[in-house]
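Work through the exercises below with the model open beside you. Each task is followed by a worked solution.

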Amino acid sequence: MTKHSKLRKEKGKVVSFLPTGEYYYTKGLKALRKRELSKAKKYLSRAMDLEPMEPMIACQLAIVETELGNFEQSNGLLHFVLDDLDPLISECHYFLANNYAHLGLFKEAFKHAKAYLEQDEAGEFIEDAEELLDLIELDSEEDLDELDEQDELIALQEEARYLLEGGSFEKAIERLEGLIAKHPDFWPAHNNLALAHFYLGEVEMAHQVLESVLEKNPGNLHALCNLAVFLFYEKQYSLLRQLVDLLRKTYPILPEQQFKLGVTFALIGQYEEAYRWLKKLHKKGFDGEPAFYYWLSHSAYFSGRQEAAENAWKHMLKISPEKAGQEPWASKKTEQLGYEHQPASIVRRMNSEYEEERLFGIFLLSVAEDQKKVMSHPDFCDIESLAFRERIYLADVLGIPVDPQLKKESRISLAHETALVLYRKFQPIGTEEAGLLMLWFTVFGELAEEQCRLKNQAAFAAATEYMWRKLRGEKESQTSLAEQYDLSPSTLQKYIKHVRERL
């Protein structure tokens with residue numbers, strides 16, 4: 001897109017600029033050649049502020065907007081050039097054709113590609129424009145009517161999407177239902193209709209729409225992704241786990257589908273998978289959308305990639321500076337209090353699909369500053385959904401009498417007392433300390449199933465810390481840890497062996 005014969009020829013005419021206008025124009029072109037698109041946009045926008053009637057600046061800024069994926073902004077600039085500045089810059093028609101094709105408005109793309117070929121018979125983009133026309137395959141009035149219908153369909157879908165994003169869910173449903181009545185096989189409208197119902201709290205209707213889509217169009221990726229998000233927020237973790245397994249085996253080809261899959265994994269807390277897809281897109285040059293950098297940053301941060309998260313967020317702020325303060329690590333400011341003093345964090349863990357995280361959540365409740373505040377949280381878990389061992393643990397934490405034999409069989413005393421040993425040494429509980437305790441509850445889950453007879457809580461705590469530090473690449477000798485936990489080296493070695501075997 002940066003190749004532009006007429007623009008290059010015209011560049012020498014920019015001698016009438018004020019020095020500051022020429023300065024920013026030159027810096028913008030230099031940044032564009034280096035593919036520093038955000039800088040190019042900033043400099044060219046400044047140049048246009050100073051020289052609003054210079055068509056070359058507007059054309060170059062339009063090219064940058066296209067490269068950033070801002071097709072509508074680019075179109076506005078190109079129409080401004082043709083309508084108000086210089087109707088003879090034929091390349092504007094070619095760029096408009098490309099932009100409209102990206103937006104799916106093929107009738108407009110066809111019209112501008114034809115205008116370019118008619119206006120500039122020896123233009124630099126002749127072959128590209130002819131190839132674009134071949135792709136559109138418009139040969140008759142019947143085809144023209146079909147493109148009219150496609151353009152209307154896309155325009156209606158965009159209108160419904162804006163209503164959804166603006167929170168006008170009922171109006172969006174009205175538009176989408178009208179669209180589906182005319183085009184029953186237009187699946188994006190069905191998927192957005194499901195979202196609109198879900199946002200309104202009409203969960204059953206949302207599921208019915210998705211079921212209908214998947215029945216008529218099996219494997220529809222957007223429907224499967226939306227279903228995963230619904231199941232996550234409804235805490236239907238058993239069904240979600242099956243669907244996640246299916247999505248992990250899915251390899252979409254289109255960038256838009258890869259983006260949808262990556263964002264879905266991020267939304268349901270599968271950050272490693274989310275980062276894999278979003279990073280893959282980033283390497284291919286998929287950028288420009290604030291949402292892309294937002295989720296790339298979040299998935300990087302929550303999968304332990306701090307530097308990558310910060311770099312993605314810097315790009316995010318260049319496009320949407322109003323998002324400052326919403327970075328994923330902003331929550332770390334509250335961690336100074338520790339997770340044990342954050343009811344929402346405790347509740348989230350107790351609602352997890354993973355046993356070790358639910359056990360960790362119950363432990364956090366046991367050391368919480370205000371247990372009543374946690375219990376009264378609107379999202380507090382359904383106790384009946386907890387596993388037997390977890391219910392025994394929760395009852396014991398809340399001071400509810402528990403049959404001694406059941407308590408012994410569930411081995412919750414070992415789980416809790418070992419966690420307490422670690423907590424006394426590592427508090428308050430932040431992100432790193434949470435990883436240590438999660439490691440212990442993971443080990444405990446295996447031990448409880450095997451009915452292991454070992455029961456030295458300090459030794460289990462020391463062995464867990466040893467393995468935790470080793471996994472993090474930290475050096476801590478067994479001798480030193482044995483002294484800290486008042487153990488003999490041989491006892492610690494024995495317990496380390498048991499912990500290692502269960503990881």
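Buried residues account for 48% of the 503 residues in the protein chain. The model is a predicted one.

**Exercise 1. Describe the overall make-up of the chain and how far apart in sequence its contacts reach.**

Start with secondary structure. The protein chain holds 28 helices and zero strands. Next, take contacts between residues at least 6 apart in sequence. Of these, 58% join residues at least 24 apart.

**Exercise 2. Decide where the coordinates deserve caution.**

Begin with the chain as a whole. Its mean pLDDT is 82, and 87% of its residues reach 70 or more. Then go element by element. Helix H1 (residues 5-10) has the lowest mean pLDDT, 42, and helix H24 (residues 412-425) has the highest, 93. Now look for weak stretches. In residues 1-19 the pLDDT is below 50, and this stretch has 39 contacts in the model beyond near neighbours in sequence. In residues 138-144 the pLDDT is also below 50, with seven contacts beyond near neighbours in sequence. The rule to apply is simple: where pLDDT is low, the predicted coordinates should not be read in detail.

**Exercise 3. Classify the packing of H3 against H4.**

Two packed helices are described by the angle between their axes and the distance between the axes. Take both values. Helix H3 (residues 37-50) and helix H4 (residues 55-67) pack at about 155°, and their axes are 9 Å apart. An angle over 145 degrees counts as roughly antiparallel, so H3 is roughly antiparallel to H4. Add the handedness: H3 passes H4 in a left-handed crossing.

Then list the partners. H3 contributes Leu37, Ala40, Lys41, Leu44, Ser45, Ala47 and Met48, while H4 contributes Ile57, Ala58, Gln60, Leu61, Val64, Glu65 and Glu67. Sorted by class, the residues of this H3 and H4 contact are nine nonpolar, two polar and three charged.

**Exercise 4. Repeat the analysis for H15 with H17.**

Helix H15 (residues 255-267) and helix H17 (residues 290-302) cross at roughly 45°, and their axes come within 10 Å. Therefore H15 and H17 are oblique to each other. The crossing of H15 past H17 is left-handed.

On the H15 side the contact uses Phe259, Val263, Ala266 and Leu267; on the H17 side it uses Ala291, Phe292 and Trp295. The class count for H15 with H17 is seven nonpolar, no polar and no charged.

**Exercise 5. Do the same for H25 with H26.**

H25 and helix H26 (residues 457-471) pack at about 120°, with axes 10 Å apart. H25 is therefore oblique to H26. H25 passes H26 in a right-handed crossing.

From H25 come Glu432, Gly435, Leu436, Leu439, Trp440 and Leu447; from H26 come Phe460, Thr464, Glu465, Met467, Trp468 and Leu471. The contact of H25 with H26 has eight nonpolar, two polar and two charged residues.

**Exercise 6. Place leucine 422 in its surroundings.**

Locate the residue: leucine 422 lies in helix H24. Check burial next. Its relative accessibility is 1%, so leucine 422 counts as buried. Then find its contacts, leaving aside neighbours within four places in sequence. They are Leu436, Leu437, Trp440, Ala461 and Tyr485. Pick one of these for a distance check. Leucine 422 and leucine 437 are 15 residues apart along the chain, and their C-alpha atoms are separated by 7.5 Å.

**Exercise 7. Examine the backbone at arginine 35, arginine 411 and proline 428.**

Take arginine 35. Its phi is near 65°, a positive value in a residue other than glycine. Arginine 35 sits in the loop between helix H2 (19-33) and H3. With 45% relative accessibility, arginine 35 counts as partly exposed.

Turn to arginine 411. Its phi is positive too, about 60°, although arginine 411 is not a glycine. This residue is in the loop between helix H23 (404-410) and H24. Is arginine 411 buried or exposed? Buried residues have under 20% relative accessible area. Arginine 411 has 13%, so it is buried.

Finish with the peptide bond. Glutamine 427 and proline 428 are joined by a cis peptide bond, with omega about 0°. Proline 428 belongs to the loop between H24 and helix H25 (431-450).

Note on methods: Residues are numbered from 1 along each chain as its sequence is written. This is a predicted model: local features need pLDDT of at least 70, side-chain atom pairs count only at pLDDT 80 or more; totals for chains, interfaces and linings use all residues. Side-chain values use heavy atoms; hydrogens and water are left out. Axes are lines fitted to C-alpha atoms, for helices over the stretch in contact, and angles run from 0 to 180 degrees between N-to-C directions. Helices (H or I, at least four residues) and strands (E, at least two) are DSSP runs, numbered from the N terminus. Angles under 35 degrees count as roughly parallel, over 145 as roughly antiparallel, 65 to 115 as roughly perpendicular and the rest as oblique. A crossing is left-handed if the near helix is turned anticlockwise from the far one by less than a right angle, and right-handed if clockwise. Contact means heavy atoms within 4.5 Å. Ala, Val, Leu, Ile, Met, Phe, Trp, Tyr, Cys and Pro count as nonpolar, Asp, Glu, Lys and Arg as charged, and the others, Gly among them, as polar. pLDDT is the predictor's confidence in each residue, from 0 to 100. Buried means under 20% relative accessible area, exposed over 50%, partly exposed in between (1.4 Å probe, protein chains only).
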